[in-house]
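User: I have a model open and want the reasoning behind its descriptors. Can we go through them one at a time?

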Amino acid sequence: MSRGSVFNTTLLAALISTSTLETSLAEEAAPTIPAFAEETKTSGISSVYKGEWQYMVGGGAAVFDCNGDEYPDVLLAGGENKAAFYRNESKRGGELKFAAEQSGLELDKVTGGYPLDVDGDGITDVVLLRVGENIIMRGKGECKFERANAAWGFDGGDGWSAAFAATWEKGAEWPTFAVGNYINREEEYSPWGSCTDNWLHRQLSNTDKKFAPPLTLKPSFCPLSMLFTDWNRSGTPSLRVSNDREYYEGGQEQMWHVEPGQTPALYTDKEGWKRLRIWGMGIASTDVNGDGFPDYFLTSMADSKMQVLKDAKAEKLSPDYADIAWPTGVTAQRPYTGGEVKPSTGWHAQFEDVNNDGLADLFVAKGNVSAMPDFAQRDPNNLLIQGPAGKFTESGDKAGVASFAQSRGAALADFNLDGLMDLVVVNRNESAQIWRNVSTNAGKFVNVKLAEPGANRDAIGAWIEVRTGDKTQLREITVGGGHAGGQLVWRHFGLGPEGKAEVRVLWPDGEQGDWQSVDAGGYYVLERGKSPFATEIK
Amino acid sequence: MVSFSRYFLRLFFLVSLLSVFTFKSVLAAAPTAKDPADDLHSWYVHVLELVRHTATYTPPVASRAFAYLGVTAWEATASGDDHLKSLAGQLNGLTELPKREPGKVYDETVVMNAALEDAVKNFFWNTGPTGQRAYAAVSKRLDGEATAGKAADVIERSKAYGQSIADHILGWSKDDGGAVIENMGFPLEYTLTKGPAHWVPTSPIRQQQMPMLPGWGKNRTFAMPDGAACPLPAPPEYSEDKDSAFYKQADEVYQTTKKLTDEQKTIARFWSDDPMLTPTPAGHWVSIILQIMERDRLSVDKSAEVLARTGIAVADAFIGCWQVKFQYDLVRPITYIKRVIDPKWEAMLITPPFPEYPSGHSSESGAAAQVLTSAFGDSFSFDDATHEREGLKPRHFASFWAAAEEAGISRLYGGIHFRAAIEQGLEQGRCVGKHAIALEMRK
């Protein structure tokens, strides 16, 4: 019996219990706690996401390799400060070292950034979200970027942008962007209910590698995270939007059908979509319960949500989700250390396997909005380690990442390419922080990345499966989610004690590759129809 | 006459501020002279926003603020009108308020504005950064309008007096039992009453594993003697026997909610009045008053009287209701129906995190209807556009009691209350409202 089916049986019992909502997941052995060492002071990173009201949200981290050395470089939003770009100068397995460098990305009013290869030239570009005009920065190579709005017909608008997602619609030679816009920043007396329009930027035409004027995604409810995700494995991603209930009127969480050539349409209650109203701030996704479908962790104020399909075996899937945050131990509703009992405020969230045991763990950046006295002021970031029965254990303090700064965006990435996921966190009005994963008890790993010819070079929308024994890990390749920042880096899979694994790719067009063997500790480029190519890391 | 530019400034401000009113109605309501009723109205519109956006403002807490704000506005008004009577000595614990200096000139708009500016700051000190920013903008605008063209000594004296009223009310409020709200009203420890008849948590939200504000029924009341002054009979005895009254009332909820009509769904949503998404049930009634104020251009003394009496009534209703809720500690429909009738049943509305009997919305709606019927009459019809911006169309009511009864039955449609809680809640509200009506406010 797979872990997924055990989990669902116990979950069902938990959900239908009406006498108490005590957790019902089986007790399990304590998970392996990773160890992190903060190296902010010696890393060369010194960046502050600065600003007051218009920068109370945002503060994203974008992580990508822009000089071809395979080491992830970093862009940190600066708000009223200029965004800061850092070239990664770390050595393999060594301390984290970065050098601030003029890349062209150093603009002001930046709330976040998402890396992707827009024009399919093999060089990563970066979309900058801003309070004001959003800007696509075309990668020129060697970590130099230039503005491309005019060349690519991109209307950056003049909003308060805080959410982004991208996909390549079927048959498109150009990406489709979703941009989430927040409050009308000119509205002084009653900003509540002033959510501004979200935008969908599509290709101008099949032959024009440019963006058309954006469509508005109405109604718009002040999103702080968006994600194109193929929730039902139909082959066509939908757009999940997590909205901040503080500012909308009549709003809720949303999911849009985005079918090629058609006007986007909201999923409705008749289709099974259930009204959920949270302070949506970040989306993280992975297949937590092993049912073969992506699950969604949504950050909020107080309780976060962990959504899994209520019936993943239905003949026709319905987007009807159960919240299993409590039974799995990821509500993260209030500080677990530091002495405060007031509710937490969650922002960026990301699933990664930080101890390489083959199970996705969860990081959540935390921090008070500004000075909200009814919420924790000293609000530690969470590092929730998943155990074999699907229950997560808080380990932020034990692992050494329980920062009390006002955190916003973040990224888990293997900055020194030692097979362990490191961590960078953007803080509001305080310096960003970076930690090196120095675990000595972690399992083995394999890192992979996808490469395709044509427009969608990084195979956004593909699925990677990694199999060890009877256990299969599943990852959807997306651009979006988190809070105001994304990663375009090696995809990391923990393998536990296994020295080998099998890997298979379901490409964005639906073609399924073969299972192929890879060795633990390897960095493999996966191309369609080819054997995994092991990259030598220097 | 106001100047052309000031007229448009005001028009712009009102359009920005008065979320529930149409541009047309604002235009019709544009004042021809500075009237303290306009400041009263504007501050209350702002307060409805702050109630929605301040995390501690659950329905009982919101009702408390409406009572204190109403008394503040009343005392600011009554102190300048020889025909009106202070509530000092009539409300529990309210001592004599500061007096105006004899023979000195006061500007009533400046007094009202200063009193409410101070009171709103005091009662919403904990609102978030957007609330603070909006408060600062509203204060600046209203203060500028209230003081424009007036003598400096009159402004200074009037402001100081208004603030002294607010400060006196704030001092009075501090020992009523409801001034400090920890953990958004949820105790960190609480022992549930054992037995199937009693409340258990109904939400997967961690904070809500304890009942909200279990001690609220012990708070000092305003006009009625104490929280037990309007007692209720026990609810139907708990039973799982299909022939029992308890089972039958649960089955009524179950059967009704399985085949809700569109109209019933609309009613459930219209009166849902969820905290942190709306101005709460008490704010809904305040919103109704504000719409009537604007429609009928009520005078400042009538407006302040109605807002004060209603605020007092809904605050006392929540105290009385909470007293009974924790006296009987009754199980919610969602728990009983899943346990006894249908494990897969789901209510349309989210069940609030506290015991079932009586219905809080029914108690406070009954109290509000009692007061408003006394103020405006039995057959006073009105349209209620409180939730128009959330996509819910205005509803027409032939009387305040028609609205209160609809608010009550909405809880059955929403699947969160049994009929007894609704009917007895309305009765309790009727009793509570009589205490507010008995206050002598005119000489």
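Analyst: The questions below take up the chains, then the helices, then the core. Bear in mind that this is a predicted model.

User: What makes chain B as compact as a globular protein of its length?

Analyst: Compare two numbers. The globule rule gives 22 Å for 443 residues. The radius of gyration of chain B is 22 Å, so the chain is as compact as a globular protein of that length. Its C-alpha atoms fill a box of roughly 75 × 45 × 40 Å along the principal axes. Buried residues make up 54% of chain B. Among its contacts with a separation of 6 or more, 83% join residues 24 or more positions apart.

User: How do you know that chain A agrees with a compact globule?

Analyst: By the same kind of check. A compact globule of 538 residues would have a radius of gyration near 24 Å. Chain A has 21 Å, which agrees. The box for its C-alpha atoms is roughly 55 × 55 × 50 Å. In chain A, 58% of residues count as buried. Residues 24 or more positions apart supply 59% of its contacts with a separation of 6 or more.

User: How many helices and strands does each chain have?

Analyst: Chain A has four helices and 38 strands. Chain B has 15 helices and two strands.

User: Why is helix 3 of chain B called largely enclosed?

Analyst: A residue is buried if 20 or more other C-beta atoms lie within 10 Å of its own. In helix 3 of chain B, 17 of the 17 residues are buried, so the rest of the structure largely encloses this helix. Helix 3 covers residues 36-52 and reaches 25 Å from first C-alpha to last, close to the expected 24 Å.

User: Why are helix 8 and helix 12 of chain B called roughly perpendicular?

Analyst: Angles of 65 to 115 degrees count as roughly perpendicular. The axes of helix 8 (residues 245-258) and helix 12 (residues 333-341) of chain B cross at roughly 95 degrees and come within 10 Å. That makes the two helices roughly perpendicular. Residues of helix 8 that meet helix 12 include Ala250(B) and Tyr254(B). On the helix 12 side, Tyr336(B) and Ile337(B) are among them.

User: What makes Val314(B) stand out in the largest nonpolar core?

Analyst: Contacts with other members. Val314(B) is one of the residues that touch the most other members of this 275-residue core, as are Phe164(A) and Leu362(A). Helix 11 (residues 300-328) of chain B gives the most to the core, with 17 residues. Beyond four places away in sequence, Val314(B) touches residues including Phe66(B), Trp285(B) and Glu364(B).

Key: Residues numbered from 1 in each chain as written. Chains lettered and ligands numbered in written order. Predicted model: local features only at pLDDT ≥ 70, side-chain atom pairs only at ≥ 80, totals over all residues. Core = buried A, V, L, I, M, F, W, Y, C linked by C-beta atoms within 7 Å. Buried ≥ 20, exposed ≤ 12 C-beta atoms within 10 Å, placed from the backbone. Contact = placed C-beta atoms within 7 Å. Rg over C-alpha atoms; globule rule 2.2 N^0.38 Å. Expected span 1.5 Å × (residues − 1). Axes fitted to C-alpha atoms, helices over the stretch in contact; angles between N-to-C directions. Parallel < 35°, antiparallel > 145°, perpendicular 65-115°, else oblique.
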